[in-house]
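Got the viewer open and a hand on the mouse? Let's take a walk through this one, stop by stop.

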Amino acid sequence: MAYLSEFVGSFIFLLGGYAYMCNISLKKTLVSTLNYIELVVAWSLAVGFGLAIAVIMGGPAYLNPGVVLGSMINGLGVVDGLMYLLMEFLAAGAAILVCMIFFWDSFKASGDMPKRGIFSAYPVEKNVPLNFVQEVLATFLFLFLVFIGIAKTGDALVIGAVGFGAVALLSLTLNSTGFSMNAMRSVFSSIWFALLPIPNKGEEKVDWSYQLTVNLIGSSIGGILAVLATTYLKTKI
């Protein structure tokens, strides 16, 4: 059940976020244009709801490869860790597949419009060394806030609210990190973007050098540091 909860929580988190991105990125939708407040609320609700559902189902609600890796360093078994990562990977594929089905006509109507950014995060100005540092810092701060906020409670509503608040606060990183802070949200989805027959995807390529350096390594380091820091603090407070 713990593995299933990881899949369901991750799926809900990603589906909510990706659906909003489809609405603002594609033609023939009722939203059509980016509104910063809507963006923050949409992703905050998606993360908060995903966390809450995963907890209700009895899981640890990692929902982030960096958190899984940090937990493995902290003693989580290798098999368990790999299973949680697999659930996150499959959830990314399922979320993109559902979005592809629901927005099929919108994808078809959108011609050569860029689509990779729907399912992965990129900064406004690409500067890989700086973006790497920003991603590590943003991921650490986001997860640190979540872990500290839920350290004394197992209540799903509280955990969901903390997730909502942390995402809303870290929305300030949108320009510099593309609002990723999670390899599942960007790297796992980029793999599925390359594999799935998304209409009018054309020859659009994933920026693998950025994804692997910033969104995989950077966010994973930030996640590991957040797990280790909060584990240490829990022994002191």
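Where is the place of lysine 28? Select it and you land in the loop between helix 1 (2-25) and helix 2 (36-56), helices being DSSP runs of H or I with at least four residues, strands runs of E with at least two, both numbered from the N terminus.

A quick word before moving on. This is a predicted model, where local features need pLDDT of at least 70 and side-chain atom pairs count only at pLDDT 80 or more, while totals for chains, interfaces and linings use all residues. Residues are numbered from 1 along each chain as its sequence is written, and side-chain values use heavy atoms, with hydrogens and water left out.

Stay on lysine 28 for a moment. Lysine 28 is exposed, at a relative accessible area of 70%; exposed means over 50%, buried under 20%, and partly exposed in between (1.4 Å probe, protein chains only). Its phi is positive, about 60 degrees, although it is not a glycine. Most residues other than glycine have a negative phi.

**Zoom out**

Now show the whole protein chain as a cartoon. You'll find 11 helices and 0 strands. The C-alpha atoms fill a box of roughly 55 × 40 × 35 Å along the principal axes. For 237 residues, a compact globule would have a radius of gyration near 18 Å, and the chain's 17 Å agrees with that; the radius is taken over C-alpha atoms, and the globule rule is 2.2 Å times the number of residues to the power 0.38. Buried residues make up 52% of the 237.

**Into the core**

Next, select Tyr18, Cys22, Phe107, Phe119 and Ile198. Within the largest nonpolar core, which has 54 residues, these touch the most other members. A nonpolar core here is a set of buried Ala, Val, Leu, Ile, Met, Phe, Trp, Tyr and Cys residues joined through side-chain atoms within 4.5 Å. In soluble globular proteins, nonpolar side chains tend to be buried together.

Keep phenylalanine 107 and colour what it touches. Not counting residues up to four places away in sequence, its contacts (heavy atoms within 4.5 Å) include Cys22, Leu26, Phe119, Ile198 and Asn200.

That last name is a good next click. Asparagine 200 is in the loop between helix 10 (183-195) and helix 11. Like the first stop, asparagine 200 has a positive phi of about 60 degrees without being a glycine. Asparagine 200 is partly exposed, with a relative accessible area of 34%.

**Helices 7 and 8**

Which residues does valine 162 contact, leaving aside neighbours within four places in sequence? Select valine 162 in helix 8 (residues 156-169), and look for Leu145, Val146, Gly149 and Ile150. Valine 162 counts as buried, at 19% relative accessibility.

Hop across to one of those partners, valine 146, in helix 7 (residues 128-150). Valine 146 is buried too, with 5% relative accessibility. Try the distance tool from there: the C-alpha atoms of valine 146 and arginine 185 are separated by 17 Å, with their positions 39 residues apart along the chain.

**Last stop: helix 11**

Finish on isoleucine 217, in helix 11 (residues 208-234). Is isoleucine 217 buried or exposed? Somewhere in between: isoleucine 217 is partly exposed, at 43% relative accessible area. Draw a line from isoleucine 217 to valine 136: they are 81 residues apart in sequence, yet 8.5 Å apart in space, C-alpha to C-alpha.
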